[in-house]
Amino acid sequence: MAAWKTRGLRGSFLEDLINRTNEKYRERGLALIQKVPTPITPMRIDRETRHITLAYFNQKSTVDYIGVVQGIPVCFDAKECAGTTFSLQNVHPHQVQFMREFEQQDGVAFFLLYYSKEERYIYLPFRHFMVFWERAQEGGRRSFRMEELDLSYTIHAGSGLFIPYLDLLNRDLQERPDP
């Protein structure tokens, strides 16, 4: 079992924005996306704040979010990066396997990346991510730089949404190779 301590809130800013965006999508009848809870066993709780300060993961998690957009099953993971280089150590093999299998079932998998230093949100299609993953599996770099991404997939706030990713999901669907 893996333990967590101070890294527990890492990414909570990004997830909060995504949760708010998903709620707006639900209210507008555009999508129904839910945060997948990570099962944990609390080991230590701060009595004053009632916050969990030490816990163990019960099992491996898959992705952060799963749901449906206009009849299309989607799953995605939200990742935050402090610099401009994203380490592939932030993505686990079982997550990649889940996303691969999800796409084999005609679902759409992707990542929402937040480069905090640049204050830039990027939609990363799973097939684009796999280029970097496979490069690392073949002995290449175990990271990718922001400039290696297709920056036309940058997410721009608008329409009263914090991270409006549905337009880029639609683009992802249109650009997919035919099966």
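**Helix packing, core and loop residues in a predicted model**

Visitor: Is E119 buried or exposed in this predicted model?
Guide: E119 lies in the loop between β8 and β9 (120–125). Residues over 50% relative accessible area count as exposed. At 63% relative accessibility, E119 is therefore classed as exposed.

Visitor: Which residue in the loop between β5 and β6 has a positive phi?
Guide: Most residues other than glycine have a negative phi. In the loop between β5 (65–69) and β6 (72–81), a residue with a relative accessible area of 58% is exposed. Although not a glycine, the residue with a positive phi of about 50° is Q70.

Visitor: Is α2 oblique or roughly antiparallel to α3?
Guide: Helix α2 (residues 93–104) packs with helix α3 (residues 126–137) at an angle of about 140°, their axes being 12 Å apart. Angles over 145 degrees count as roughly antiparallel, and 65 to 115 as roughly perpendicular. The angle of about 140° falls in neither range, so α2 is oblique to α3.

Visitor: How many nonpolar residues does the contact of α2 with α3 have?
Guide: From α2, the contact takes P93, V96, M99, R100 and E103. From α3 come F126, F129, M130 and W133. By class, the contact has no polar residues, 2 charged residues and, as the number of nonpolar ones, 7.

Visitor: Which strand gives the most to the largest nonpolar core?
Guide: This core has 49 residues, and F110, L112, Y115, Y123, F129, F144 and Y165 touch the most other members. Beyond its neighbours within four places in sequence, Y165 is in contact with residues including F110, L112 and Y123. With 8 residues, the strand that gives the most is β8 (residues 108–115).

How values were computed:
Residues numbered from 1 in each chain as written. Predicted model: local features only at pLDDT ≥ 70, side-chain atom pairs only at ≥ 80, totals over all residues. Heavy atoms only, no water. Axes fitted to C-alpha atoms, helices over the stretch in contact; angles between N-to-C directions. Helix = DSSP H or I, 4+ residues; strand = E, 2+ residues; numbered from the N terminus. Parallel < 35°, antiparallel > 145°, perpendicular 65-115°, else oblique. Contact = heavy atoms within 4.5 Å. Nonpolar A, V, L, I, M, F, W, Y, C, P; charged D, E, K, R; others polar. Core = buried A, V, L, I, M, F, W, Y, C linked by side-chain atoms within 4.5 Å. Buried < 20%, exposed > 50% of the residue type's maximum accessible area, 1.4 Å probe, protein only.
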